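This report describes a ligand site and some local backbone and side-chain features of one protein chain. The sequence and structure come first.

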Amino acid sequence: MRIIVGITGGIAAYKAPQLVRLLVKAGHEVRCVATPHALEFVTRLTLETVSGNSLYCDLFAQTNNHTTEHISLKDWGDAMIVAPATANIIGKMASGIGDDALSTLLLSFSRKPLLMAPAMNTQMWECPAVQRNVAYLVSTGIEMVEPGTGDLACGTTGKGRMAEPEEIVQALARRLSRAADMPLRGKRVLVTAGPTYERIDSVRFIGNYSTGKMGFALAEALAARGAEVELVAGPTALKTDNAAIHRTDVESAREMYAEATRLFPGCTAAILSAAVADYRPEHTADHKLKKQGDEGMTLHLVQNPDILATLGSMKQEGQTLIGFALETDNEQANAQRKLERKNLDYIVLNSLRDAGAGFGVDTNLVTIMSRNGDSYTSPLMSKREVADEIVRRCLLPESATLLANNEV
Ligand code: CTP
């Protein structure tokens, strides 16, 4: 999982590197976000070294790729822990205040597991305003990893010590295994991604510009909700290291067809996002073809099998099939026809007209259409966020109500 660790300015910040180390050891990828005060207690270098990633601290730093890093980070993270959480960050979060990198990120981190490990002096912890804020945050679904009782940095003894890093890691593991956060646990989902390459000879092929980013984002979004993912990927430079994603690499449409039709019967759903070549050369030379002179060269192409339509004809009761469509005119009507013709449950209409959508870029804008004509059009979002929306609106129990009347 991708875990964001938020660190605020309390003495317990010295335990944050140990927490990060334990999370990395447990197989998570970690990114740290610190308040400026936290860096009075623990250094940037320590946090970057233990996490293996750059630290996010300054909302307006010139080194940020863009000033909306809090938005890209909230897409990146599957869960978030704030440890230590001071009375100040708890108060800001409870009041909806975002005035630095961490508090701004917290405000945008919704619908995903968020834990806080408070640490403060006993009187501060018992202060009615702090207790009210804690109770309010708990009521919104944020989990408090209760502080322990013991010696405090101020020389007194009482409640307010931050929970030990081991306890925080266990609390996160418990939270991540909760059914509510893992609605797809026990489900296997097939995803196709990337382009296909259709060989002409030993050194040339017919391909397309698909990078596989949308399909890989879908695989991550599914795995983050507990699904086992069968990812069938065409040639792509993208990597996955998520244990819940079982990846099969293929090259041609026919190889993708063979894998997808083999895997589909064991899956409860399939999302076909690959940009499959509709045609392939009839003959493939096993050597490099020589130039053929002035009269040019003719390649005779034959049609590839339609993977999506085949899965549509194989589909059994209880299986959900989702396809993608790239249309240039009469987009919605054509997509709806494609949905019916291929026996799909949903079709995701990709926009080619909007800047920022399509091949290669990190963002996308889609319309998700269901069998009964309901639809949802997304704003321009990161591909991971689009993936989350597709999963939420097509595969989760609440999906039935989420497409009707274009609800958000
Ligand atoms: N697809 C597939 N196998 C193919 C071609 C397409 O599984 N041989 C899938 C894609 O993964 C995508 C969907 O079909 O989910 C839509 O592909 P698209 O090219 O838009 O539609 P086509 O059915 O090929 O129709 P047309 O090109 O005529 O619009």
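In which strand is P84 found? P84 is found in strand 3, residues 79-85, where strands (E, at least two residues) and helices (H or I, at least four) are DSSP runs numbered from the N terminus. The peptide bond leading from A83 to P84 is cis, and its omega is near -5 degrees.

The model is predicted, so local features need pLDDT of at least 70, side-chain atom pairs count only at pLDDT 80 or more, and totals for chains, interfaces and linings use all residues. Residues are numbered from 1 along each chain as its sequence is written, and side-chain values use heavy atoms, with hydrogens and water left out.

**Ligand site**

Around the ligand there are 14 residues, of which L272, A274, F324, K338 and K342 come nearest; a residue is near a molecule if one of its heavy atoms lies within 4 Å of it. By class, this shell has nine nonpolar, one polar and four charged residues. Here Ala, Val, Leu, Ile, Met, Phe, Trp, Tyr, Cys and Pro count as nonpolar, Asp, Glu, Lys and Arg as charged, and the others, Gly among them, as polar. Helix 11 (307-314) and strand 16 (320-326) each supply at least two residues of the shell. Strand 16 gives the largest share, four residues.

Oxygen atoms of the ligand make the polar contacts in the table (pairs of N or O atoms within 3.5 Å).

| Residue | Partner of the ligand oxygen | Distance |
|---|---|---|
| K338 | N or O atom in the side chain | 2.7 Å |
| L308 | polar backbone atom | 2.9 Å |
| L326 | polar backbone atom | 3.4 Å |

On its own the ligand has 580 Å² of accessible area, and the protein covers 77% of it; the areas come from the Shrake-Rupley method with a 1.4 Å probe.

**Salt bridges and backbone**

The structure holds 22 salt bridges, each being a side-chain nitrogen of Lys or Arg within 4 Å of a carboxyl oxygen of Asp or Glu. One of them joins the side chains of E146 and K159, at 2.7 Å from N to O. This pair links distant parts of the chain, 13 residues apart: E146 lies in the loop between strand 5 (143-144) and strand 6 (148-151), and K159 in strand 7 (residues 157-161).

N330 is found in the loop between strand 16 and helix 12 (331-341). Phi of N330 is near 45 degrees, a positive value in a residue other than glycine.

Note on methods. Polar contact = N/O pair within 3.5 Å; in protein donor to acceptor, adjacent residues only side chain to side chain.
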